[in-house]
Amino acid sequence: MRAVRLLLLLLTLAIALCAKSAPRTASYSFAPQAEQEIARLVNRERQARGLPALVMDERLRQVARRHSALMASTGEVDHQLPGEPQFLSRLQSQRVRFDASGENVAFDRDAAGAHAALMNSPRHRANILREQYNSIGVGVLQTSTGIYVTQDFIRGFPEASVEQAEDEVARHLNELRRAAGAPDLSRVSAPDLRKRACDMARSNQLNPGSLISSRVASSMAFTAVDLAHTSATLAGLKTRQARSFAVGACYQSSATYENPVFWIVVVTYF
C-alpha cells in the first residue's frame with residue numbers, strides 16, 4: 001500500500017515539474033496605435049496622389065482584427081486560413097453594404113515597416129491606391145516578434161432597410177416627374193411586389209412576371225447597389241401616363257451578385 005502511495009506521489013510531482021517547465025503560450029494584444037498609424041500612412045499615400053482619404057470603419061476593423069488574431073495563432077500570413085469563412089463572407093457578416101472590396105495582409109516589425117512592405121508589393125499597393133475604395137478597417141496584433149496586419153478595403157454605401165430603399169425609389173420617381181413637368185403619382189401599397197422582388201433574386205433573373213393587366217400601365221425591374229443613383233433607371237417612367245404606382249424591394253445576393261444588392265420592382269397603374 002505504501003509503495004502504491006509513493007508511486008502516486010512521484011507521478012504527481014513529475015506532472016507538476018513538467019507543467020512548470022512547459023513553455024507558456026505566446027501572449028498577443030491588439031495595437032490600436034499601430035492601427036491608427038497604418039491608416040494614416042495609407043491616407044497620406046492616397047492624398048499625395050490626389051485620391052480621397054479612406055474613412056475608418058469600425059465594422060471593417062473588427063473583421064480585420066479577427067483575421068490578424070487568426071494569423072497570429074497559426075503563424076501564417078495568408079488571406080484564407082483553415083476553418084475560416086471566405087473574405088466576402090466575413091465582410092457580409094457585419095452587414096456592410098459594398099460593391100468592391102480588397103484585403104492586404106502582412107507581418108513586420110512595426111507599422112512603418114508593414115506599410116513600406118505593402119507599398120513595395122504591386123498587388124498590395126494597388127489596393128491602397130484604388131480610387132473606388134472609400135472605407136478601410138485595420139487590424140493589428142502585436143506579438144513578441146512583430147505585428148500581424150490586416151487591411152480591409154471597400155467601396156461602401158449607407159445602410160438602408162428594404163423599406164428605406166422603397167421610399168428612396170419612390171422619391172426619385174416623383175422628383176423625375178416634377179422635373180419633366182409631369183404630375184406626381186400617388187403611391188399605393190402592394191406587398192406582393194416585395195415578394196416578387198425576392199423571387200427575382202432567387203431565380204437570378206430580372207423579370208416582373210405576370211404583372212401586366214388592364215390596371216397596370218407599366219412595370220420595371222432592376223438591381224441597385226447605390227440607391228442615390230436610381231434616377232437614370234427610372235427615367236422611362238418620368239412622363240408615362242399613369243395615376244399611381246407601387247414599389248417592392250428585396251436585399252439579397254444571387255448567382256450573379258455575390259455581394260447582396262437591392263432587387264427592385266416598380267409598377268405604375270392607370
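Helices (H or I, at least four residues) and strands (E, at least two) are DSSP runs, and their numbers count from the N terminus. With those labels in hand, here are the close-up views; please keep in mind that this is a predicted model.

**Figure 1. The whole chain, before we zoom in, has 9 helices and 9 strands.** Of its 270 residues, 44% count as buried. Take the contacts between residues at least 6 apart in sequence: 71% of them join residues at least 24 apart. The views that follow pick out a few places within this chain.

**Figure 2. This view shows the largest nonpolar core, a set of 22 residues.** Which of its members touch the most other members? They are Ile-38, Val-42, Ile-128, Val-140, Val-149 and Phe-153. At least two residues of this core come from each of α2 (32-48), β3 (98-108), α5 (111-119), β4 (135-142) and β5 (147-156). Another core lies apart from this one; it has 20 residues, including Ala-224, Leu-237, Phe-245 and Val-266. As background, nonpolar side chains tend to be buried together in soluble globular proteins.

**Figure 3. Here we look at Phe-153, one of the core residues that touch the most other members, and its neighbours.** Leaving out residues up to four places away in sequence, Phe-153 touches Val-42, Leu-54 and Ile-128, among others. Its partners also include Ala-100, Ser-101, Gly-102, Glu-103 and Asn-104. Asn-127, Tyr-133, Ser-135 and Ile-136 are on the list of contacts of Phe-153 too.

**Figure 4. Asn-104, a residue of strand β3, is the centre of this view.** Is Asn-104 buried or exposed? Asn-104 counts as buried because its relative accessible area is 0%, and the cut-off for buried is under 20%. Two polar partners of its side chain are worth finding on your screen. The side chain of Asn-104 reaches the backbone oxygen of His-124 at 3.1 Å, and it makes a polar contact with the side chain of Asn-127 at 3.0 Å. Apart from residues up to four places away in sequence, the contacts of Asn-104 include His-79, Leu-118, Ile-128, Val-149, Thr-150, Gln-151 and Phe-153. His-124 and Asn-127 appear among these contacts as well.

**Figure 5. Two residues of helix α2, Arg-40 and Asn-43, are shown in this view.** Asn-43 has 13% relative accessibility, so it counts as buried. Arg-40, at 43%, counts as partly exposed. Along the chain, Asn-43 and Ile-128 are 85 residues apart, yet their C-alpha atoms are separated by 8.5 Å. Setting aside neighbours within four places in sequence, Asn-43 is in contact with Ala-53 and Leu-54. For Arg-40, follow the chain to Met-56: the two residues are 16 apart in sequence, and 9.9 Å separates their C-alpha atoms.

**Figure 6. This close-up is centred on Met-200 of helix α8 (residues 192-203).** Met-200 counts as buried because its relative accessibility is 1%. How far apart in space are Met-200 and Cys-250, C-alpha to C-alpha? The distance is 9.0 Å, with their positions 50 residues apart in sequence. Not counting neighbours within four places, Met-200 is in contact with Gln-205, Leu-206, Asn-207 and Pro-208, among others. Further contacts of Met-200 include Ala-221, Trp-263, Ile-264 and Val-265.

**Figure 7. Two loop residues with positive phi, Arg-95 and Asn-204, appear here.** Most residues other than glycine have a negative phi. Phi of Arg-95, however, is near 55 degrees. Arg-95 sits in the loop between α4 (87-92) and β3, and with a relative accessible area of 63% it is exposed. Phi of Asn-204 is also near 55 degrees. Asn-204 lies in the loop between α8 and β7 (216-224), and its relative accessible area of 26% makes it partly exposed.

**Figure 8. The final view shows the largest pocket, with a volume of about 180 Å³.** Which residues line the largest pocket? Gln-92, Arg-95, Val-96 and Arg-97 are among them, as are Glu-159, Ala-160 and Ser-161. Tyr-251 and Pro-260 also belong to the lining. By residue class, the lining divides into 4 nonpolar, 2 polar and 3 charged residues. Arg-95, met in the previous legend as a residue with positive phi, is thus shown again here as part of the pocket lining.

How values were computed: Residues numbered from 1 in each chain as written. Predicted model: local features only at pLDDT ≥ 70, side-chain atom pairs only at ≥ 80, totals over all residues. Heavy atoms only, no water. 1 Å grid on protein atoms, 1.4 Å probe; cavity = no way out; pocket = protein on both sides within 12 Å on 5 of 7 lines; lining within 4 Å. Points joined across faces, edges and corners; volume = space filled by probe spheres on them. Nonpolar A, V, L, I, M, F, W, Y, C, P; charged D, E, K, R; others polar. Core = buried A, V, L, I, M, F, W, Y, C linked by side-chain atoms within 4.5 Å. Buried < 20%, exposed > 50% of the residue type's maximum accessible area, 1.4 Å probe, protein only. Contact = heavy atoms within 4.5 Å. Polar contact = N/O pair within 3.5 Å; in protein donor to acceptor, adjacent residues only side chain to side chain.
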